[in-house]
Amino acid sequence: MRMRKKPNLIPRVERCAGLLEREPERLRGRWLQEFPGFSQLHLELGCGKGRFTVGMAEANPGVLFAAVERVLDAMVVAMERAKEAELGNVRFLDFDAAGCENIFAPGEVDRIYINFPDPWRKSRQFKRRLTAPSFLKIYETILKPEGEVWFKTDNRPLFDWSLEQFTAQGWELSEVTNDLHAGDETGCMTDYEAKFREQGVPINRLVARKRR
Ligand SMILES: C[S@@+](CC[C@H](N)C(=O)[O-])C[C@H]1O[C@@H](n2cnc3c(N)ncnc32)[C@H](O)[C@@H]1O
């Protein structure tokens, strides 16, 4: 995501500092102990401006959400939205998803959301896709045995490629659709998704669970 540098970025982040996890490594293996009262830990990779993060956290107060985003200019908007909504069940992590194993212990995460990730269109860039084989290995490690990856994208070639990667690594797929918004029910939308819906762009979605 290319974004203009936000003015006053640092003061804006500081105003939401209570939601920011500055040293998330210290929580590895202890997330639900450090934040008691939550039954599950859900992780969102590339939360962007946080429409989905805030919507899901509001709808699921018993779940602790860890929202990961490597572009602070986008994440600050998500943090401001969460602060405005007075959410107590979201923590924001300013880091690259490739480092997830340093932040979450094996089997610690109940669910991972990947929404409209960067498509990385050139074949030499495929390894950077959040559904590339190396990332799926990380997800398999940090997810509970019954844990799931929920994946949405407007990009059909990326979706089809991702479906192949999940299948090749022995994940079981369900709820596979190439037109999520065919009915009236949209579920919780992301910022990108809301824009695509307005434009009539079909949305692909799948749920993946690792076969053990
Ligand atoms: C196309 S935007 C979608 C944002 C949001 N999920 C949505 O649907 O509105 C992709 C986001 O993922 C973030 N991102 C991409 N790769 C990432 C990575 N390896 N680690 C953390 N964030 C990443 C980008 O910075 C960007 O904000």
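Does K210 count as buried or exposed, and at what relative accessibility? In this predicted model, K210 has a relative accessibility of 11% and therefore counts as buried, the cut-off being under 20%.

## K210 and strand β7

K210 belongs to strand β7, which covers residues 204–210. When neighbours within four places in sequence are set aside, the contacts of K210 are E140, P145, G147, Q169, G170 and W171.

## Helix α4

Helix α4 comprises 13 residues, 72–84. At 1.5 Å a residue the expected span is 18 Å, and the C-alpha atoms at the two ends are 18 Å apart, so the model agrees with the expectation. Following α4 is E86, a residue with a positive phi, near 55°.

The buried residues of this helix are L72, D73, A74, M75, V76, V77, A78, M79 and A82. Their packing partners are two helices, α1 (9–15) and α3 (51–59), together with two strands, β2 (63–68) and β3 (90–93). As general background, an α-helix has 3.6 residues a turn, so residues three or four places apart point the same way.

## The ligand and its surroundings

The ligand is surrounded by 17 residues, of which the closest are G46, E69, A97, N115 and T190. Classified by residue type, this shell contains 8 nonpolar, 4 polar and 5 charged residues.

Several of the closest residues place N or O atoms beside the ligand. For G46, a backbone N or O atom lies 2.8 Å from a nitrogen atom of the ligand. For A97, a backbone N or O atom likewise lies 2.8 Å from a ligand nitrogen atom. T190 contributes through its side chain, with a polar atom 2.7 Å from an oxygen atom of the ligand. The ligand taken alone exposes 590 Å², and the protein buries 96% of that area.

## Y192 and helix α7

Y192 lies in helix α7, which spans residues 191–199. With a relative accessibility of 31%, Y192 counts as partly exposed, because this value falls between the 20% limit for buried residues and the 50% limit for exposed ones.

The position of Y192 can also be described relative to E80. The two residues are separated by 112 residues in sequence, and their C-alpha atoms are 18 Å apart in space.

## Summary of accessibility

The two residues examined individually fall into separate classes: K210 is buried at 11%, whereas Y192 is partly exposed at 31%. Within helix α4, the buried set includes L72 and A82, and the ligand has 96% of its area buried by the protein.

Key. Residues numbered from 1 in each chain as written. Predicted model: local features only at pLDDT ≥ 70, side-chain atom pairs only at ≥ 80, totals over all residues. Heavy atoms only, no water. Helix = DSSP H or I, 4+ residues; strand = E, 2+ residues; numbered from the N terminus. Expected span 1.5 Å × (residues − 1). Buried < 20%, exposed > 50% of the residue type's maximum accessible area, 1.4 Å probe, protein only. Contact = heavy atoms within 4.5 Å. Near = heavy atom within 4 Å. Polar contact = N/O pair within 3.5 Å; in protein donor to acceptor, adjacent residues only side chain to side chain. Areas by Shrake-Rupley, 256 points an atom, 1.4 Å probe, with all protein chains shown as cover. Nonpolar A, V, L, I, M, F, W, Y, C, P; charged D, E, K, R; others polar.
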